[in-house]
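Work through these exercises with the model open in a viewer. Try each task before reading its solution.

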Amino acid sequence: MSTDGSPEQTDDVARRLDDALERVAHGAAVSVPSILLQRGLTVVFTAALTNGLGAAPYGLFALARRIQRFLSRIVLGFRSGLSRFLPTADQAERNALATFASLLLLGVSTVFGAGLFLTAPRLTAMAGQSEQFATLLRVFALGMPASVWLFTVTEVLRGIEAVAPLNLTLRLAFPAAQLIVGIVGAFVLGDILFVAGGVLAVMGLTGVGAAVWIVRARGFRPRLRGPDLPALRRRYLDYTIPLFLGGIATTTQRLGFYPLIAVFLTGVAGGVFSVGVLVSQLVRLPLMAINQFIPPVAAALNEQGHEEALSRLYHVTSRLVLVGVVAAAVPVVIYRETVMAAFGPTFTAYAPLLTLFILAQVAACAAGSVGILLRMTDHQRALLVTNVAITTVLAVVAIPLTIEFGLAGVVWTYLLMLTLNNGIEVAVLYRLEGLQPFTKRHSFPLLAAVPFAGIAFAARMVAPGLVGAVVGTVTGLAAFAATLKLLGFTPVERRLAGTLVERYGEFLPGR
């Protein structure tokens with residue numbers, strides 16, 4: 001939709017923007033507490049394993065799980081079509097899409113799991129690890145269909161914008177069950193194999209529970225036959241095959257570090273890298289919240305030709321993400337030793353590397369939902385080419401940096417990867433769709449971070465440890481918010497805030 005600036009078109013863009021923002025913000029508002037809970041439960045789960053079983057056994061567990069996740073994330077390239085097509089499909093088409101995607105994903109995950117099971121001894125020998133590592137790999141290989149099933153079902157929930165069930169399934173039920181398994185395995189049985197098997201079992205069971213809700217509450221039924229199904233399946237495969245192939249590149253970027261660590265470094269290094277990624281991804285929470293339901297909203301705007309509303313949605317959401325990311329990043333960097341101490345003395349020694357992990361996440365989030373927008377505007381082939389090129393560069397750089405600098409070289413490569421990935425994706429999206437995230441207001445969170453960092457650092461000097469971290473963070477956040485208020489908000493942001501207060505006001509203190 002092009003606009004000539006007439007009042008009618010301007011009003012239409014504003015209405016569509018407000019509606020899109022409210023839908024995305026509703027998903028984010030409901031998701032933020034649940035994502036925080038999920039991340040908190042995952043951190044406690046990790047701390048239970050590192051403190052209950054030790055850094056080395058946890059390192060083996062983390063390496064084996066990430067190798068399985070490497071393969072499962074490639075498989076999950078086939079699920080992206082659910083968010084793209086479910087929002088605008090009728091019920092019969094939704095039944096057919098969900099059935100076809102589920103069978104496709106379970107079939108491919110079974111093949112990949114069998115491959116991992118058979119190659120586990122070879123991978124163990126290449127990594128120079130113990131027989132326990134091979135057993136862990138085989139446990140995760142057997143459980144690959146269960147893990148893929150959970151994420152397939154939750155993608156259906158995302159595609160139909162079922163906010164509460166999605167968060168209940170992915171953010172509460174699974175991480176809570178995982179934590180129970182971790183505590184029993186670490187402190188009662190002292191068995192890392194029990195933890196691995198138990199985690200996969202609860203993933204499968206949680207996915208089954210969510211699927212039952214979809215069938216009962218939303219009327220989904222398996223649909224394998226119909227005259228329109230061959231064309232629908234071809235359309236789904238045409239869309240997802242490039243994403244599946246591109247997933248090999250993007251997954252190599254995200255998780256290829258773990259095989260690299262397994263070959264060149266130690267289990268402890270794998271555990272440290274896993275903890276660094278886990279902690280730094282807490283900074284990523286604002287982007288994760290926005291991304292919960294921006295795929296179906298962006299897909300609908302693109303499908304209906306509302307380019308101006310989509311462009312403005314990108315501007316607003318990317319700035320909101322940057323505000324949240326900067327606010328979360330500052331205290332983690334300033335109090336990095338205190339944060340890493342929660343995982344034991346072995347991890348505290350690596351606290352300086354946490355700064356690089358945080359910078360990597362800031363680089364990953366600064367451009368907002370760029371990868372999703374490329375997919376939802378049907379540029380999955382451009383995304384494939386972009387990620388193959390980036391992965392090729394990183395493959396050349398990563399090994400020599402790891403050999404020369406050890407774990408620090410791996411973390412520097414991680415920072416380089418996320419910076420290159422998001423920078424190039426922004427350029428590609430702008431070239432193909434004329435969409436880019438940045439306005440002058442994106443500098444406001446960076447300006448507001450200066451007094452925040454100064455207050456936090458002063459508190460650390462006066463009172464090192466947890467007390468200083470709490471006081472510095474709370475006081476610094478107040479200064480951060482005051483600076484943003486002084487710099488000002490846009491009318492769109494004020495309308496969004498008013499809508500959210502009206503919608504959720506009863507849950508606020510004093511109302």
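**Exercise 1. Is R158 buried or exposed, and why does it count that way?**

Solution. Note that this is a predicted model.

Step 1. Locate the residue: R158 is in helix α6.

Step 2. Apply the cut-off. Buried means under 20% relative accessible area. R158 has 10% relative accessibility, so it counts as buried.

Step 3. List its contacts, leaving out residues up to four places away in sequence. R158 touches S83, L166, R171, N291, Q292, F293, P295 and P296.

**Exercise 2. Where is Q292, and which residues is it in contact with beyond its neighbours within four places in sequence?**

Solution.

Step 1. Place the residue. Q292 lies in the loop between α12 and α13 (294-303).

Step 2. Check burial. Q292 counts as buried because its relative accessibility is 4%.

Step 3. Read off the contacts. Setting aside neighbours within four places, Q292 contacts S31, I35, R158, L166 and R171. L166 and R171 are also touched by R158.

Step 4. Set sequence against space. Q292 and V30 are 262 residues apart in the chain, yet their C-alpha atoms are 9.9 Å apart.

**Exercise 3. Describe the overall fold in numbers.**

Solution.

Step 1. Count the elements. The protein has 23 helices and zero strands.

Step 2. Box the C-alpha atoms. Along the principal axes, they fill roughly 70 × 70 × 50 Å.

Step 3. Test the radius of gyration. A compact globule of 511 residues would have a value near 24 Å; the protein has 23 Å, which agrees.

Step 4. Look at burial and contacts. Of the 511 residues, 54% are buried. Take the contacts between residues at least 6 apart in sequence: 84% of them join residues at least 24 apart.

**Exercise 4. Which residues touch the most other members of the largest nonpolar core?**

Solution.

Step 1. Recall the background. Nonpolar side chains tend to be buried together in soluble globular proteins.

Step 2. Name the residues. The largest nonpolar core has 147 residues, and L49, F61, F273, L313, L407 and Y414 touch the most other members. Helix α1 supplies the largest share of this core, 13 residues.

Step 3. Zoom in on one of them. Beyond four places in sequence, L313 is in contact with L17, A20, L21, I294, V297 and L301.

Step 4. Look for another core. A second, separate core has 16 residues, including V326, A327, I334 and F452.

**Exercise 5. Characterise the two largest pockets.**

Solution.

Step 1. Start with the largest pocket. It holds about 1500 Å³ of space. Its lining has 49 residues, and V32, L285, P286, G324 and A327 are the closest to its centre. The elements giving two or more residues are α1 (7-53), α12 (285-291), α14 (307-334), α15 (336-341), α22 (466-487) and α23 (491-504). The top contributor is α1, with eleven residues.

Step 2. Sort that lining by type. It divides into 41 nonpolar, five polar and three charged residues.

Step 3. Move to the second largest pocket. Its space is about 310 Å³. Among its 16 lining residues, A98, T99, S102, W149 and V215 are the closest to its centre.

Step 4. Assign its walls. At least two lining residues come from each of α4 (91-127), α6 (144-159) and α8 (192-218). Helix α4 gives the most, with six.

Step 5. Sort this lining too. It has eleven nonpolar residues, four polar and one charged.

How values were computed. Residues numbered from 1 in each chain as written. Predicted model: local features only at pLDDT ≥ 70, side-chain atom pairs only at ≥ 80, totals over all residues. Heavy atoms only, no water. 1 Å grid on protein atoms, 1.4 Å probe; cavity = no way out; pocket = protein on both sides within 12 Å on 5 of 7 lines; lining within 4 Å. Points joined across faces, edges and corners; volume = space filled by probe spheres on them. Nonpolar A, V, L, I, M, F, W, Y, C, P; charged D, E, K, R; others polar. Buried < 20%, exposed > 50% of the residue type's maximum accessible area, 1.4 Å probe, protein only. Contact = heavy atoms within 4.5 Å. Core = buried A, V, L, I, M, F, W, Y, C linked by side-chain atoms within 4.5 Å. Rg over C-alpha atoms; globule rule 2.2 N^0.38 Å.
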